[in-house]
Amino acid sequence: MPKILQQTGGDVVQVILADHRWFEEALRELRDVEADRAAVLADLATVLIAHAEAEESKVYPALNKRDAIDDDEVEHSEHEHAEGNEALLALMEVEDTASEEFSEKTHELSEALTHHLDEEERDVLNPAKTDVGEDVRAKLGEVFAAERARLIENGCGSIESVRKLVEAAKQKN
Ligand SMILES: [Fe+2]
Ligand SMILES: [Fe+2]
């Protein structure tokens, strides 16, 4: 089990950034035909779903309540998570990890995820740094890590679980 699966609190911005850097590393490995793509994808699905769900239930509401981010920002970020989940599911549904299709779906996930990381770091994490106190960020880091761990424990990255999230998001729109 890669170390990234266990995050233990700290400043919420730092905890989130550590996941983001690991997502980028996982994407790089998915591009590599010599990597154990199935294993990397299983870990990526787990951490990505836990990360995004914990952001939505714990981090965004807390930042929104303190006026660091507005309702539109929350909605936009949740929409990008939904797009990422769709791209993730499409990749998980490819059976042959050595195929051209796997490579193409990796590209699509990479585009969606990289775009979201960029926006979130500029439009969500920057205000979290400037508009929220250190004590709040520390407490939020703990809450985020605990929720992320709980989701991982519950198998949030299984294909069934990802499919459920994608279908629930479609119903909402
Ligand atoms: Fe994030
Ligand atoms: Fe996010």
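This report walks through the metal sites, the core, the empty spaces and a few single residues of a predicted model.

## The first iron

Let's start with the iron ion (ligand 1). Four protein atoms reach it: NE2 of His-20, NE2 of His-51, and OE atoms from Glu-55 and Glu-120. These donors sit 1.9 to 2.2 Å from the metal. Along the chain, the donor residues follow the spacing H-x30-H-x3-E-x64-E.

The geometry doesn't fall into a neat class: angles among the four donor atoms run from 76 to 168°, and the site of the iron ion (ligand 1) is irregular. Tetrahedral would need every angle to lie between 85 and 135 degrees.

Two of these donors come from one helix. His-51 and Glu-55 are both in α2, which covers residues 37–65. They are separated by about one helical turn because they are four residues apart in that helix. Are these two buried or exposed? His-51 has a relative accessibility of 2%, so it counts as buried. Glu-55 comes out at 1%, so it counts as buried too.

## The second iron and the bridge

Now for the iron ion (ligand 2). Its protein donors are Glu-55 (OE), His-81 (NE2), His-116 (NE2) and Glu-120 (OE), at 2.1 to 2.3 Å. Here the donor residues are spaced E-x25-H-x34-H-x3-E in sequence. The two histidines tie together distant parts of the chain, with His-81 in helix α3 and His-116 in helix α4, 35 residues apart. Both His-81 and His-116 are buried.

This site is irregular as well, with angles of 84 to 172° among its four donor atoms. What links the iron ion (ligand 2) to the iron ion (ligand 1)? Glu-55 bridges the pair, and the two ions lie 3.2 Å apart. Glu-120 also turns up in both donor sets, giving an OE donor to the iron ion (ligand 1) and to the iron ion (ligand 2).

## The nonpolar core

In soluble globular proteins, nonpolar side chains tend to be buried together. In this model, the largest nonpolar core holds 49 residues, and the members that touch the most others are Phe-23, Leu-44, Leu-63 and Leu-88. Six helices each give two or more residues to this core: α1 (12–31), α2, α3 (71–92), α4 (100–130), α5 (134–153) and α6 (159–172). The top contributor is α2, with 13 residues.

Leu-44 is a handy place to zoom in. Setting aside neighbours within four places in sequence, Leu-44 is in contact with Trp-22, Phe-23, Ala-26, Leu-27, Leu-30 and Leu-109.

## Pocket and cavity

The largest pocket has a volume of about 290 Å³. It is lined by 13 residues, and Glu-56, Glu-78, Ala-82, Ala-169 and Lys-172 are the closest to its centre. Helices α2, α3 and α6 each supply at least two lining residues. Which helix gives the largest share of the lining? That's α3, with six residues.

How many cavities of 30 Å³ or more does a search of the whole structure find? Just one. The largest cavity has a volume of about 100 Å³, and 13 residues line it. Nearest its centre are Leu-48, His-81, Gly-84, Leu-113 and His-116. Two of those names are familiar from the metal section: His-81 and His-116 are donors to the iron ion (ligand 2). The elements giving two or more residues to the cavity lining are α2, α3 and α4.

## A few single residues

Ser-110 is in helix α4. Its relative accessibility is 8%, so Ser-110 counts as buried. Not counting residues up to four places away in sequence, Ser-110 touches Leu-27 and Arg-31.

Asp-67 sits in the loop between α2 and α3. It isn't a glycine, yet Asp-67 has a positive phi of about 60°. With a relative accessible area of 66%, Asp-67 is exposed.

Arg-28 belongs to helix α1. Its relative accessible area is 47%, so Arg-28 is partly exposed. Arg-28 and His-115 are 87 residues apart in sequence, and their C-alpha atoms are 15 Å apart in space.

Key:
Residues numbered from 1 in each chain as written. Chains lettered and ligands numbered in written order. Predicted model: local features only at pLDDT ≥ 70, side-chain atom pairs only at ≥ 80, totals over all residues. Heavy atoms only, no water. Donors = N, O, S within 2.8 Å, 3.2 Å for Na, K, Ca; no water. Tetrahedral: all angles 85-135°; square planar, octahedral: opposite > 155°, others 65-115°. Buried < 20%, exposed > 50% of the residue type's maximum accessible area, 1.4 Å probe, protein only. Core = buried A, V, L, I, M, F, W, Y, C linked by side-chain atoms within 4.5 Å. Contact = heavy atoms within 4.5 Å. 1 Å grid on protein atoms, 1.4 Å probe; cavity = no way out; pocket = protein on both sides within 12 Å on 5 of 7 lines; lining within 4 Å. Points joined across faces, edges and corners; volume = space filled by probe spheres on them.
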